[in-house]
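Got a minute for a two-chain model? Have a look at the sequence and structure below before reading on.

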Protein chains: 2
Amino acid sequence: MTSQEQTAATITTPSDREIHIEREFDAPRDRVFAAFTDPALIPEWWGPRSTTTEVVEMDVRTGGDWRFIAHNSDGTQTGFRGTYREITPPERIVQTFEWDGMPGYVSVETAVLEDLGNDRTKVTTTAIFHTAEERDGMLASGMEGGMNETYARLDELLERLLAD
Amino acid sequence: MTSQEQTAATITTPSDREIHIEREFDAPRDRVFAAFTDPALIPEWWGPRSTTTEVVEMDVRTGGDWRFIAHNSDGTQTGFRGTYREITPPERIVQTFEWDGMPGYVSVETAVLEDLGNDRTKVTTTAIFHTAEERDGMLASGMEGGMNETYARLDELLERLLAD
């Protein structure tokens, strides 16, 4: 598989309240799972390159809360938070997602990690919103560009971890 | 209007993800709004009679969080929490609702307070869930009985406040 194919995420909208994303990574599943669940690794990849993500809280268990603050290069900051609904290593993470800018607008993200063999992993994320308007707001927020940049950073982190 | 009519709440399900409740109260709208938003008044009516509700946090503004703990007579306790999405006195409150027993399952409750004249107020609450299963779980939880008891307690509080 070429590098071009590897870095392309597929975004679809299976219903008017959902966003479905598929992306393959060139690393074994347990490494990808660790990148999603280890507080020490989140700042290495989470968010666009222009931000530095601080893990304020990350209690990775059912009912545990998480809270990240993304520090922008201009000194401003943006907060995100949620609750872990399910943590099933190394294959499934379900969590809520809320942005400080729209408090009380809560989506649920289900990430499924599939072992493709040959030390490759497919991550399928489905986000569900309470209304079509909230889903459309997320799509219009520039999430696709941010996500592709975030996943490219995750590629780089996984490559660094495998080189160790 | 007889006392019997006054205490009957109407519950309908306008879609497979919603619960719609209408209830009239024999008190002016600003008093009903105060009962919903004053932390000192919540323990006077919120929850079934068998519980004592403690207001742990109640930051009544857009983006503010709330958290209540219901202490049962047998010494056990149950927590609830959420975030205020909109506070528009005296007519509209939008908040999220989450029960500690099912962390990450978040519904959104919109309460609209309508001035019926003659110092009477109609409260219409619409709860929306991410899935039909979550909505059905709430309906099966015994919420209707608990809600009617809670609203009867609110009737009594409003009567006490008007007598002062």
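Here's a quick briefing on how the chains sit together and how the strands behind the contact are arranged.

Keep in mind that this is a predicted model. Chain A and chain B bury about 1,500 Å² between them, and a 180 degree rotation lays chain A on chain B with an RMSD of 0.0 Å. The notes below start with the symmetry, move to the interface and one residue in it, and end with the strands.

**Symmetry**

- The rotation that superposes chain A on chain B is 180 degrees, and the shift along its axis is 0.0 Å.
- The two copies are therefore related as by a two-fold rotation axis.
- Which C-alpha of chain A is nearest the axis? That's A:His130, at 2.6 Å from it.
- Both copies use the same surface, as 95% of the contact residues of chain A recur in chain B.

**The interface**

- On the chain A side 20 residues are in contact, and they meet 19 residues of chain B.
- Of the roughly 1,500 Å² buried between the chains, 54% is on carbon and sulfur atoms.
- A:Arg85, A:Pro103 and A:His130 together supply 40% of the area that chain A buries against chain B, and no other three residues give more.
- As for polar pairing, there are 4 salt bridges between chain A and chain B, and 10 residue pairs are in polar contact across the interface, both residues being at pLDDT 80 or more.
- The elements giving two or more residues to the side of chain A that touches chain B are β5, β6 and β7 of chain A.
- β5(A) provides the largest share of that side, with 3 residues.

**A closer look at A:Glu134**

- A:Glu134 belongs to helix α3 of chain A, which covers residues 132-139.
- Is A:Glu134 buried or exposed? Its relative accessibility is 13%, so A:Glu134 counts as buried, the cut-off being under 20%.
- Across the interface, A:Glu134 makes a salt bridge with B:Arg85, where the closest N and O atoms are 3.7 Å apart.
- Neighbours within four places in sequence aside, the contacts of A:Glu134 are A:Tyr105, A:Val106, A:Phe129 and B:Arg85.

**Strands in chain A**

- β6(A), residues 92-99, is mostly covered, with 6 of its 8 residues buried.
- β6(A) pairs antiparallel with β5(A) (residues 77-88) over 6 bridges, and 3 residues separate the two strands in a hairpin.
- One bridge pair here is A:Phe80 with A:Trp99, the latter in β6(A).
- β6(A) also pairs antiparallel with β7(A) (residues 107-117), again over 6 bridges.
- In that pairing, A:Arg92 has A:Val112 of β7(A) as its bridge partner.

**Strands in chain B**

- β4(B) (residues 65-72) and β5(B) (residues 77-88) run antiparallel, joined by 7 bridges.
- B:Asp65 is found opposite B:Thr83 of β5(B).
- A hairpin with 4 residues between its strands links β4(B) and β5(B), and B:Gly75 in the turn has a positive phi of about 95 degrees.
- β5(B) is joined in turn to β6(B) (residues 92-99), antiparallel, by 6 bridges.
- There, B:Ile87 sits opposite B:Ile93 of β6(B).
- β5(B) and β6(B) make a hairpin too, with 3 residues between them.

Key:
Residues are numbered from 1 along each chain as its sequence is written. Chains are lettered from A and ligands numbered from 1 in the order in which they are written. This is a predicted model: local features need pLDDT of at least 70, side-chain atom pairs count only at pLDDT 80 or more; totals for chains, interfaces and linings use all residues. Side-chain values use heavy atoms; hydrogens and water are left out. Copies are superposed by least squares on the C-alpha atoms of residues with pLDDT of at least 70 in both. Contact means heavy atoms within 4.5 Å. Buried means under 20% relative accessible area, exposed over 50%, partly exposed in between (1.4 Å probe, protein chains only). Two strands pair if DSSP finds at least two bridges between them. Buried area is the accessible area (1.4 Å probe) that two parts lose on being put together, summed over both. A salt bridge is a side-chain nitrogen of Lys or Arg within 4 Å of a carboxyl oxygen of Asp or Glu. A polar contact is a pair of N or O atoms within 3.5 Å; within protein, one must be able to donate a hydrogen and the other to accept it, and residues adjacent in sequence count only if both atoms are side-chain atoms.
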